[in-house]
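This report introduces a structure to a reader who has not met it before. It treats charged side-chain pairs and a pocket.

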Amino acid sequence: MDATALDNLREALRGPLVTPQDAEYDEARSIYNAMIDRRPAAIARCTGTADVRTAIAFARQTGVELAVRGGGHSGPGLCLVDGGLTLDLSPMRWVRVDPLNRTAQVGGGSVLGDLDHETHSFGLAVPAGIMSTTGVGGLTLGGGHGHLTRKYGLTIDSLVAADVVLADGSVVTTTEKEHPDLLWALRGGGGNFGVVTSFTFRLHPVHTVGVAATVWPVEQTQEVLRWYREFLPSAPEDLTGFFAVMAVPPAPPFPEPLHGRKVCAVIWCYTGDLEGGRLDDVLSVVNDPAPPAFHFATPMPYPMLQTMFDDLIPKGLQWYWRGDFFDEITDEAAAVHERFGRGLPTGLSTMHLYPVDGAVHDVAPGETAWAYRDATWSGVIAGIDPDPANAGLIRQWCVDYWSALHPHSMGGAYVNFLGESGDADSVRATYRDNYARLAAVKHAYDPDNFFHANQNIPPAA
């Protein structure tokens, strides 16, 4: 980039502009996935809407590629472009809760831990994710699912408004009444339509939840899955549990003899009545498929549940992931899960099946951009390891696992789980019949495809 232009941009911003000459550059360009090593020419750390508009104007005037960073959890690193400008929203971390109306307005750079901390004070929450370090923006724009999804729906089902800076620098507030097509598209359409500087969510009553972890030997994966696929969809919506193949972490509450053992597991969350040992009664069914190797259950404040995996998989690991939606778990798919569970390449590599039924099914496929309202599970396969030397190993395991499982899927994936596989056909498959409308909204709000460093939806002709 031209040095004079960069100096002018630096003077125009309230937040800092970080370039390769600055000592903090490597930290500023680092994201959650350490497998991504890209070098933007500059990183504009925006403190507010004015900085966002300034950065967009600079990118348009100079023709430099622009990427937008919220929490930095993008698996394929879509928040960084080599030689481009990263518009970094991370300084915009704030949450304002309105307990009377049960809403929260959230800054575009906030992470789930910020949101959970503020809403928990009032006994309220948003259904969003399973890690406190995940960015609110990226998760929401992709759709968002987590521990509360069966009870309260997707994150986008609680999204009631958003402030958006468009490609031409104008600012709009989108609601059901103002720019409703844009709000429809933001509910699952990714970062294709503008920079969201704040989100407004409807809140739900959540405070202390029942949390449990049940593990069985990996050799019993097929048996457990045959039980799980029948039990969970018929269970009350207060109960959810995501299924995993994994290695037991070397940490409490797991006993030392189990540390490192390959297992299949269900991580449970219960939002119902916890009085009188109710959690134990609800989870007495875990003995039905086979006696578990370990079972642990306890009441827990909801934000504590959201932080359970933060230390296990912190920023700076090598990641490679792929996903798919499933409306059933076939016997053949169960066999695939067991085979690749037995072959976990590293101690952190895993596969999760997140339930997306219950309240999710109360919304029609065309009411939001999220098209898979008929799915029962959103699956992700993640190869994870701290050692860059194992990057090829975890990637190959993930690709082979996905290739064996994909024929048993619904054909598309949650957009935030596409990884580098997000080619044009994969993105179309993600949105099914909603794709044409998304392309039309893209044409209306970003006709030049200025925002294209994402799982891209080109504007309709």
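Buried residues are those under 20% relative accessible area, exposed ones lie over 50%, and partly exposed ones fall in between. By that rule Arg187 counts as buried, because its relative accessibility is 10%. The model described here is a predicted one.

**Salt bridges**

The structure contains 17 salt bridges. Three of them are set out below, each with the separation of its closest N and O atoms.

| Acidic residue | Basic residue | Closest N and O atoms |
|---|---|---|
| Asp114 | Arg93 | 2.8 Å |
| Glu176 | Arg187 | 2.9 Å |
| Asp374 | Arg432 | 2.8 Å |

Asp114 and Arg93 form a salt bridge. This pair links distant parts of the chain, with the two positions 21 residues apart in numbering: Asp114 belongs to helix 4 (residues 112-120), while Arg93 sits in the loop between strand 4 (85-88) and strand 5 (95-98). Asp114 is buried because its relative accessible area, 18%, is under 20%. Arg93, at 46%, counts as partly exposed.

Glu176 pairs with Arg187 in another salt bridge. Here too distant parts of the chain are linked, the partners being 11 residues apart. Glu176 lies in the loop between strand 9 (171-174) and helix 7 (180-186), and Arg187 in the loop between helix 7 and strand 10 (195-202). Glu176 has a relative accessibility of 52% and therefore counts as exposed, the cut-off being over 50%. Its partner Arg187 is buried, at 10%.

The salt bridge between Asp374 and Arg432 joins positions 58 residues apart. Asp374 is found in the loop between strand 17 (350-355) and strand 18 (377-385), whereas Arg432 occupies the loop between helix 13 (424-431) and helix 14 (435-445). Asp374 counts as partly exposed at 38% relative accessibility, and Arg432 counts as partly exposed at 32%.

Some salt bridges share partners: in this way Asp26, Arg29 and Asp37 are joined into one network.

**The second largest pocket**

The second largest pocket has a volume of about 230 Å³. It is lined by 15 residues, and those closest to its centre are Arg69, Gly71, Arg93, Val111 and Lys315. Arg93, one of these, is also the salt-bridge partner of Asp114. By class, the lining comprises 3 nonpolar, 7 polar and 5 charged residues.

Methods: Residues numbered from 1 in each chain as written. Predicted model: local features only at pLDDT ≥ 70, side-chain atom pairs only at ≥ 80, totals over all residues. Heavy atoms only, no water. Salt bridge = Lys/Arg side-chain N within 4 Å of Asp/Glu carboxyl O. Helix = DSSP H or I, 4+ residues; strand = E, 2+ residues; numbered from the N terminus. Buried < 20%, exposed > 50% of the residue type's maximum accessible area, 1.4 Å probe, protein only. 1 Å grid on protein atoms, 1.4 Å probe; cavity = no way out; pocket = protein on both sides within 12 Å on 5 of 7 lines; lining within 4 Å. Points joined across faces, edges and corners; volume = space filled by probe spheres on them. Nonpolar A, V, L, I, M, F, W, Y, C, P; charged D, E, K, R; others polar.
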